[in-house]
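Here's a quick briefing to read alongside the structure. Have a look at the model, then come back for the notes on confidence, fold and cross-links.

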Amino acid sequence: MKAFPRIVLFVAAFGLAQPVLAAPGPRAFEAPPMLPGQGGVLQLEAIAPAAGGCQPQGSISRNGAIVSAVLNFVRGRFFINNPDPTDPQKDGMDPVELRSYGGCKSGPVIYVKPGDTLRVDLINALDKNDPSCLTDPPSGLSLPSGVGCFNTTNLHTHGLHVSPAGNGDNVLLNIAPQTKFPYEINIPADHPAGTFWYHAHRHGSTAVQVASGASGVLVVKGERPYTPSSPQNPHPVADIDTVLHSANGVPLKEQLFLFQQIAYACFANQSNQQGGPWQQIYTTKGLYNVNSGPDIANAPWTCPLPTPGNPVSAGVVENFALQLDSPSIWDTNGRFTSINGVVQPTLTVPAGEIQRWRFVHAGIHDTINVQVVRATPVGANNLIAASALSGNRQQKKADLLAACNATPDTLVPQFEFASDGLTRTKIRTIHASEVGGVLESNYLQPGYRSDVLVVFPSDGDYCLLNQAAPPAERVSNGKGGGQGPSTPQLLAYVHVRGGQAVTGDLQVYVGKVLYDANPQLPDAVRTGLRAGDLRPWSPFEMLSPPKVDGQEQQADFVINFPAFTINGKSYDPDVVNFTREVNTTDDWLLTSQGEPHIFHIHVNPFQVMDVTTTNASGQRVSIYNADGTCRPDIVSSDQQQLANQYCGMWHTFRDTIIVENNYQIRVRTRYERYIGEYVLHCHILDHEDAGMMANIAIVPDLNAVGGGLGMPGMHHTKPAGATR
């Protein structure tokens, strides 16, 4: 075992209990918790509840098309495993106390079907005593303007095309502590099947709550089979779920991966300390506070054992400025990206079995560059086979680079068939790219979802890897951390045992399995499926252009510190920034200045029409060829390797997209069906809380008085009982 003397020096300096250093043991992969009664929602469910997992304090039931759920928002007390053997806690199990759903490490998964009504009783059981919500909050919290009320919440069903009004997917609500609110989410019958998620979204507390784990997977399962087109119905709705099965009709096994970046820290809360609690974070080099120099501010966090006179809190997320408000904090704090609440779990699968993996990025501001890599045994100890990598990120870097060395020969392809929950028109193979000579990752930004098919060719050990980002992908102006890890991080161990080895091209193998499993399809459709053609199951076609005299909308993200702005303005809840008309189409131009930002708009997805950048001659050019493939000259000339993550996005439908420096994104969206007020914002959630959000109102008629809303003479702003 490696020795790391710095932790001993730290313990001695604080007079805290001497830890016993021991490498934590392997941790099994766990599915997200299931609400009692959820298993009966749909028989296609392929995920078993986590063995020995938590029992959520809620329930779910179905009565016809009405699905009723209870979510208790509580301060959950549990443990998060830390694979760093210098962790002072027994077996590396850090005690935490986090705002969570049902007191679980991750929110319970919820399954619904198109046409369902999802009724959620959200019970906010948090304490009314919330220092962050005071008119004059404790000075030690250093809260930026607009940030606070960490015990006040609401609920957002990210990606669902549903009403934003009333008690629908309305994030302009404040569900106060010790209150209950009945949400009613009416999912239209033509809603696409796919992978979505839900999370807390009360402006000012979003980042703190999501960074505590207040999120969960929401899956829309579909049973609509392929139907031939007709003049009356040129694009019938069909669900990709209906073809993802074996030759015996058994649905492909599914795995849910809720990636969370829970930034918990342990605090030294001395009684009656000036400025209030949550000011001093324990690190390996001393107590970190707002006045700390870079040596301590960039040191890994730790949770020491308390001793008399040296109090240590459980791991919490309470100080926005120290724990979240930094582009480099996830690089330096020593915490790990977890999967369903478990850090670096071990997953065992058979060779040759095609599985459906649903990836959900539920972190607040760091890229996850997912790769599947065959492990390379190093020396006498096969650390991957034993699930035994240990240390913090920097300490395990050399071992990880040696054992999980990504090359064209070791990279296992991912076959992405849906992005942001929406089935693509063609399967995208994520592998060793011929464009720009790079090894591709599945580039997941906060809010992204990716549905992939994976198959492991033979017995052995594999790494589910968060590959190190190229410098520019993770930086602000090339000078600091941010949108991706500076070193590769192991997300999970994958042990492939048994099954049947696959020889030859995996893409051909996957296509043949899908072809053989679906003899009921017409020959042309079935042959297309084998080649990755998913147009019969893709929910959207090309959007028609806006009307000729239509106005292009723009969202320009800029930080003029301390102001976080869209189009030069910070969020004002009393201002509607955009007013658009229902059942019309708009083009949007998305830009960022200074550093990358992530555009997300509620309710309606958008289609990526073009991505442009500035070439060496100063001309603005598209990164795409006419057929939607990436231009090799543009990709290879980008020394920062930013273009790669846009390859494969041409004309896809999404609800979230990163806007990199020197790139402009043109998207097209149609405000289908719903009127009401909702938001667009940066999905780097500390940026959203700090003001990078705007209100958009969809009205019946832009040319009518009041947009067609309200009756003449109405004065809703008058207090109850006032005379007119």
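How many contacts beyond four places in sequence does the model have for residues 717-724? The answer is four, and pLDDT stays under 50 over that stretch. Keep in mind that this is a predicted model, with a mean pLDDT of 87 for the protein.

**Confidence**
- Of the protein's residues, 89% reach a pLDDT of 70 or more.
- Residues 1-15 are another stretch where pLDDT stays under 50, and here the model has 34 contacts beyond four places in sequence.

**Overall build**
- The protein has 37 strands and ten helices.
- Of its 724 residues, 59% are buried.
- Take the contacts with a separation of 6 or more: 76% of them are between residues 24 or more positions apart.
- About 27600 Å² of the protein is exposed, with carbon and sulfur atoms supplying 53% of that area.

**Disulfides**
- Searching the whole structure turns up four disulfides, and three of the pairs are covered below.

*C133 and C149*
- The sulfur atoms of C133 and C149 sit 2.0 Å apart in a disulfide.
- Both cysteines are in the loop between β6 (117-124) and β7 (156-158), so the pair ties together parts that are 16 residues apart in sequence.
- The S-S torsion is about 70°, so this disulfide is right-handed.
- C133 counts as partly exposed because its relative accessibility is 35%, whereas C149, at 12%, counts as buried.

*C266 and C303*
- C266 is joined to C303 by a disulfide, S to S 2.0 Å.
- This pair links distant parts of the chain, 37 residues apart: C266 is in the loop between β11 (254-260) and β12 (281-283), and C303 is in the loop between α3 (294-297) and α4 (320-323).
- With a torsion of about 85° about the S-S bond, the C266 and C303 disulfide is right-handed.
- C266 is buried at a relative accessible area of 1%, and C303 is buried with a value of 1%.

*C404 and C463*
- C404 and C463 form a disulfide with their sulfur atoms 2.0 Å apart.
- C404 lies in the loop between α6 (397-403) and β19 (411-412) while C463 lies in strand β24 (residues 460-466), so parts 59 residues apart in sequence are tied together.
- Here the torsion about the S-S bond is about -70°, so the disulfide is left-handed.
- C404 counts as buried at 4% relative accessibility, and C463 counts as buried at 0%.

Terms used. Residues numbered from 1 in each chain as written. Predicted model: local features only at pLDDT ≥ 70, side-chain atom pairs only at ≥ 80, totals over all residues. Heavy atoms only, no water. pLDDT = per-residue confidence, 0-100. Contact = heavy atoms within 4.5 Å. Helix = DSSP H or I, 4+ residues; strand = E, 2+ residues; numbered from the N terminus. Buried < 20%, exposed > 50% of the residue type's maximum accessible area, 1.4 Å probe, protein only. Areas by Shrake-Rupley, 256 points an atom, 1.4 Å probe, with all protein chains shown as cover. Disulfide = S-S within 2.5 Å.
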